[in-house]
Amino acid sequence: MKILIVDDFSTMRRIIKNLLRDLGFTNTHEADDGVTALPMLKSGDFQFLVTDWNMPGMTGIDLLRAVRSDEKLATLPVLMVTAEAKRDQIIEAAQAGVNGYVVKPFTAQALKEKIEKIFERVG
Amino acid sequence: MASNIRIGSDNRLINPNSDLIAELKLCAKLLTEKLQSDQFEDASVLIQSMVQTRDHHMFQSVGKLTRGLHNAIVNFHVDADLTKMPPQIADSDIHDASSRLNYVMQLTQNAADRTMDMVDEAAPIAANLGQEARVLRAEWARLKRREMSADEFRGFYDRMSDFLEQMEVGTERLNKSLQNIVLEQGFQDLTGQVLKRVIGLIGDVEKDLVQLVLLAGHVEEVAGIAAPTADDKEMKVLIEKRKHEAEGPQINKTRDNVVAGQDEVDDLLSSLGF
């Protein structure tokens, strides 16, 4: 499975990459914000997107909206991994069509659970 | 700047506008008397003087505000060239604070990178040793049950010897990595010192800003400009915008409208049908 990890901090991208590798997902790619992520998503056959919210350039919520409004990408499973913890934001992400929401700091277990749940539902 | 705010004997702040208000009240009383006794010329002179008093007071307040701003700029150590648009800020404390914070970011990033490098290096060593130990333990069990042929035993004998050597070299490297990881945590001390300094500066800036806002409030009051309230349209738009604005990690987990952890996120999402 080809996965794109979007976060402006390389440390966080690396942590997520390592956790995904432990879960058996080795085909991971990285982008540092929505602006770089979107063309990658459009041209590469990614099957899963993990994104942060707060990033310069294009934020994760805007990236999510762009993904959902793109004909080809509309059904791509998206997991938000972010420090943003306001209720209004979580509701906003849900309404924008997010498939899972993990707040930082997170445990390997929480990330694993959410990812498994998403794939269970998506099939 | 503190000299602009007087404190009464009961320790309450005295509104600097109170003298003006008292004088205006006195004039108003006189004005009513003059008007009632049909002394219109005197009344006109009184109105003139009231306007002058108010203007004079306002100019004074604006003067205080200007001086306050000047003091604030001096206190922030903002070394700005105000002749340029936008003002050029070079050697100010604020500028210094940003470079210090950038240094903190660089230091934490480097420490995180190097720590993860060392873990990446150590993890396969531990995994390999574990793997080999599992295989040898199974062989050892076979030996104890006398299920091993002489040929197999020779193989096992050599493998055991190799393993002990691997163990020695491997654990030495693991130890070194662990020690280096501990050393890497030294960033905590360095960044802590920098952050303390910046926190101090922010405290100073905040104090001066509060004084400025107080002064500006008095100018607004005497000039009859209403301060913005929570009912204002612009404020409402701002409040609504803040609800959705990205602001990074929440320091105060008990704040209204903020989730305290993953469990609350899950509860919220499941209440939305997730």
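Q: Which share of the contacts in chain A between residues at least 6 apart in sequence joins residues at least 24 apart?
A: In this predicted model, 60% of those contacts in chain A join residues at least 24 apart. Here two residues are in contact if their C-beta atoms lie within 7 Å.

Q: How many helices and strands does chain A have, and where should one begin in reading them?
A: One begins by counting the elements and then follows their sequence. Chain A has five helices and five strands, and from the N terminus they run β-α-β-α-β-α-β-α-β-α.

Q: In what order do the strands of the sheet stand?
A: The order in the sheet is read across the strands. In chain A it is S2-S1-S3-S4-S5, an open sheet with parallel pairing. Strands S2 (28-31) and S5 (100-103) of chain A each have a single partner strand, so one side of each lacks a neighbour in the sheet. On average, neighbouring strands are turned by 20° against each other, direction ignored.

Q: How many bridges join S1 and S2 of chain A?
A: Strand S1 (residues 3-6) of chain A pairs with S2(A) in the parallel sense over four bridges. Within S2(A), Ala31(A) is the residue opposite Val6(A).

Q: Which strands does helix H5 of chain A lie across?
A: Helix H5 (residues 108-122) of chain A lies across S4 and S5 of chain A, at about 175° to S5(A). Helix H1 (residues 10-22) of chain A lies across S1, S2, S3 (48-51) and S4 (78-82) of chain A, at about 150° to S1(A).

Q: How many residues does each chain give to the contact between chains A and B?
A: Chain A gives 22 residues and chain B gives 20 residues. On the side of chain B that touches chain A, eleven residues are nonpolar, seven polar and two charged.

Note on methods
Residues numbered from 1 in each chain as written. Chains lettered and ligands numbered in written order. Predicted model: local features only at pLDDT ≥ 70, side-chain atom pairs only at ≥ 80, totals over all residues. Helix = DSSP H or I, 4+ residues; strand = E, 2+ residues; numbered from the N terminus. Nonpolar A, V, L, I, M, F, W, Y, C, P; charged D, E, K, R; others polar. Pairing = 2+ DSSP bridges. Axes fitted to C-alpha atoms, helices over the stretch in contact; angles between N-to-C directions.
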